[in-house]
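Visitor: Good morning. May we go through this structure together, step by step?

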Amino acid sequence: MNSTQTQPAPRGRYVPPRFRLAAHESILGIILVVVLIALGFLTDRFLTVDNLLNQARLMAEVSLLALPMTYVIITGGIDLSVGSMVGLSAILLGYSWHNWGFPLGLSIVFALAVGTLAGFANGWFITRIRVPPLIMTIATMALYRGFAEGISQAHSVRGYPDWFYIVGQGDALGVPTQLWIVLVAIIVFAVVLKRTVYGRALYAMGFNEIATRFSGLSVDRIKLLAYTASGLMSGLAAFIFVSRVSTTRSDMGMGMELDAIAAVVLGGTSIFGGTGSIGGTVLGLVLIQLLKNGLALTGVKGDATIMVIGSVLILSIVITNFAQRERYADR
Amino acid sequence: MSAALASAVPVWRRRRLQVSQEWLLLLGIVALVIVVGLVNPRFLALRNLQTILLGNAYIAVAAIGMSMVIISGNIDISIGSLIGVLATVSGSLAVAGVPLGLSWLIPILLGVVAMSIMGAFVAYLNIPAIVVTLGMMSVLKGGLISVTNGVWISNLPPGFLLAQEKVFGVVPMPVFLMVVLTVAAAWWMRNTSAGRSMYAVGGNVEAARLCGYHRQRTLMMIFAVHGLFAGVAAVLFATQLSVIQSSVPANLEMTIITASVVGGVSILGGTGTVIGSTLAAILIAAIANSLVFVNISPFWLRAVQGTLILVTVLADILRRRRRAKAR
């Protein structure tokens with residue numbers, strides 16, 4: 001919000017974004033290794049294959065949200081409604097199967113479609129009517145959650161057939177099924193961001209939207225696609241979530257948007273847009289999940305863990321800010 | 001220079017020909033009361049109307065500070081957690097035997113301190129408010145639950161509950177404070193240099209700088225004042241019922257932001273008044289309360305809130321576009 005106004009124009013020698021990002025990612029990588037070693041020493045239940053695979057299972061949904069969130073934040077926008085889109089898609093998955101008699105396969109497709117449509121609506125208002133992304137997604141955060149609560153009347157749906165749980169609770173080749181989905185998604189999002197015109201356009205837009213428009217790129221279509229992707233991945237996350245916990249409830253995904261944003265920002269994507277990478281986001285996701293799990297295993301209560309993550313988030317931004325300021329001011 | 005001054009000219013002067021957001025909201029409240037009252041007269045019971053105002057005065061008070069923050073082009077999503085923490089502090093002090101005056105005053109001071117710290121991050125370290133307050137929200141929420149262990153505070157000393165106090169023997173204390181603080185803040189924002197500086201910084205930073213406003217200092221002031229109102233809101237929340245829960249209502253920050261936005265405060269630039277945000281807080285509370293009386297499931301409440309924000313923002317954008325065309 002007001003990004004062009006609140007950030008002072010950087011002065012001094014220009015450092016290519018790629019170099020800066022690499023620096024941030026390697027700092028994160030080092031922190032990650034230190035955390036791994038430290039927690040490994042503190043408790044012997046942490047560095048086990050079972051535990052780590054289980055953590056991968058638990059972080060699948062947030063990971064799927066954080067990938068498109070990286071795109072959206074690189075363009076200089078934000079999407080606060082992803083948690084609510086998860087809730088709405090999940091409710092409609094369960095509701096269409098249980099109450100409207102859809103075949104379960106169709107319900108899954110329906111949930112994905114609902115998520116996509118919800119994301120498209122965000123993008124449409126943001127690009128066509130020019131509603132600021134923050135305010136648009138605050139509105140739909142309430143609206144989509146409201147639909148989920150209103151439609152379900154807070155009733156949960158259970159009793160899915162066994163095959164439905166394969167994605168959320170099963171294994172494939174010794175690894176949780178959803179981890180494969182997440183890995184494919186990570187590769188697709190990373191390749192598109194680094195190797196396609198679309199990906200480069202995302203950066204260009206976050207760096208200078210007007211210049212991008214004058215370069216002949218369809219700024220609106222690029223943004224619309226990013227927000228729609230956010231919706232589609234929310235739908236997918238909803239399906240995996242329901243499959244993992246065996247039940248559908250209207251409060252699913254509440255607060256997940258903040259977890260996703262925290263991972264993206266921790267991963268070095270500037271909230272002002274123009275810089276960021278999928279690799280950084282993945283590191284951010286892994287770091288947060290391992291901190292949560294490791295601290296819990298060493299006996300720190302869940303609520304104190306949230307405190308640690310909040311502090312890590314603020315600290316990492318402060319450090320990055322100082323590092324970048326020094327690089328710009330070294331002339 | 002003239003362009004810079006134009007952005008600092010009060011909006012109410014430019015908008016004279018149009019129906020202002022405040023009047024619209026007032027109209028909305030009156031219409032709602034009449035319609036719901038016709039459908040179900042029990043809604044009009046004095047006791048019910050009083051419940052609406054009493055139970056939501058703290059939201060209106062918090063929305064005053066939030067409006068200032070949004071007018072300046074920032075946002076605060078930690079407010080719900082902060083109110084929870086400060087309310088717990090207030091209750092714990094009172095139970096520990098600290099004089100009542102102090103157990104009301106200390107949380108307010110703490111609110112100012114906490115928000116000033118966040119303001120310093122935003123103003124001097126140039127970290128976006130959404131990131132600072134997002135991190136702070138986790139810290140406060142986690143801290144609150146791990147310190148209190150989720151235990152509710154009860155056995156509050158007699159006289160602690162402000163909700164039972166009456167000013168002039170008729171007006172409940174929270175409602176009185178809500179009205180007085182709203183009017184005072186509205187006057188301050190409209191008629192003093194410090195108040196105008198908030199609009200200036202939110203409207204156009206460069207123009208504000210040329211007019212001699214100091215961006216950093218203005219932001220610090222806004223966050224400190226926001227903390228003051230958050231503190232008062234927390235005390236009102238703590239002194240409502242005979243127990244203080246260790247958690248605040250879910251999504252309290254969203255309800256407060258909704259009140260500000262629906263009240264006419266625009267993220268697009270420095271416009272909006274706190275009279276609007278207070279009226280919006282009352283309207284939203286009245287809608288929430290009325291759903292039961294017209295047989296609509298309260299589970300639809302959040303959808304109604306979302307629609308309200310969307311409609312307000314769309315109306316604001318269309319209004320701006322029409323004005324831009326007319327020029």
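Guide: Certainly; one term is needed at the outset: pLDDT is the predictor's confidence in each residue, from 0 to 100. This is a predicted model, in which local features need pLDDT of at least 70 and side-chain atom pairs count only at pLDDT 80 or more, while totals for chains, interfaces and linings use all residues. Residues are numbered from 1 along each chain as its sequence is written, and chains are lettered from A and ligands numbered from 1 in the order in which they are written.

Visitor: What is the mean pLDDT of chain A?

Guide: The mean for chain A is 84, and 90% of its residues reach 70 or more.

Visitor: Where in chain A does pLDDT stay under 50?

Guide: It does so over residues 1–11 of chain A, a stretch with 18 contacts beyond four places in sequence. Two residues are in contact if their C-beta atoms, placed from the backbone, lie within 7 Å. Residues 326–331 of chain A also have a pLDDT below 50, with 9 contacts beyond near neighbours in sequence. Where pLDDT is low, the predicted coordinates should not be read in detail.

Visitor: And chain B, where is confidence lowest and where highest?

Guide: In chain B the lowest mean, 47, belongs to helix 1 (residues 2–8), and the highest, 93, to helix 11 (residues 215–238). Helices (H or I, at least four residues) and strands (E, at least two) are DSSP runs, numbered from the N terminus. The average pLDDT of chain B is 84, with 93% of the residues scoring at least 70. For the model, ipTM is 0.80 and pTM is 0.84.

Visitor: How many helices and strands does chain B have?

Guide: Chain B has 14 helices and 2 strands.

Visitor: Why does the radius of gyration of chain B agree with a compact globule?

Guide: A compact globule of 327 residues would have a radius near 20 Å, and chain B has 20 Å, so the two agree. The radius is taken over C-alpha atoms, and the globule rule is 2.2 Å times the number of residues to the power 0.38. Along its principal axes, the C-alpha trace of chain B spans about 60 × 50 × 35 Å.

Visitor: Let us turn to the two chains together. How many residues are in contact?

Guide: In chain B, 40 residues are in contact with 43 residues of chain A. On the side of chain B that touches chain A, helix 7 (129–148), helix 12 (252–262) and helix 14 (301–326) of chain B each supply at least two residues. Helix 7 of chain B gives the largest share, 13 residues.

Visitor: Now a smaller matter: which residue in the loop between strand 1 and strand 2 of chain A has been noted?

Guide: A:Leu173 is found in that loop, between strand 1 (171–172) and strand 2 (175–176) of chain A. Its phi is positive, about 55°, although A:Leu173 is not a glycine.

Visitor: Is A:Leu173 buried or exposed?

Guide: A:Leu173 is exposed, because 7 other C-beta atoms lie within 10 Å. A residue is buried if 20 or more other C-beta atoms lie within 10 Å of its own, exposed if 12 or fewer, and partly exposed in between, with C-beta atoms placed from the backbone.

Visitor: What about A:Gln153?

Guide: A:Gln153 has a positive phi of about 50° and is not a glycine either. A:Gln153 lies in the loop between helix 7 (133–152) and helix 8 (166–169) of chain A. With 11 C-beta neighbours inside 10 Å, A:Gln153 counts as exposed.
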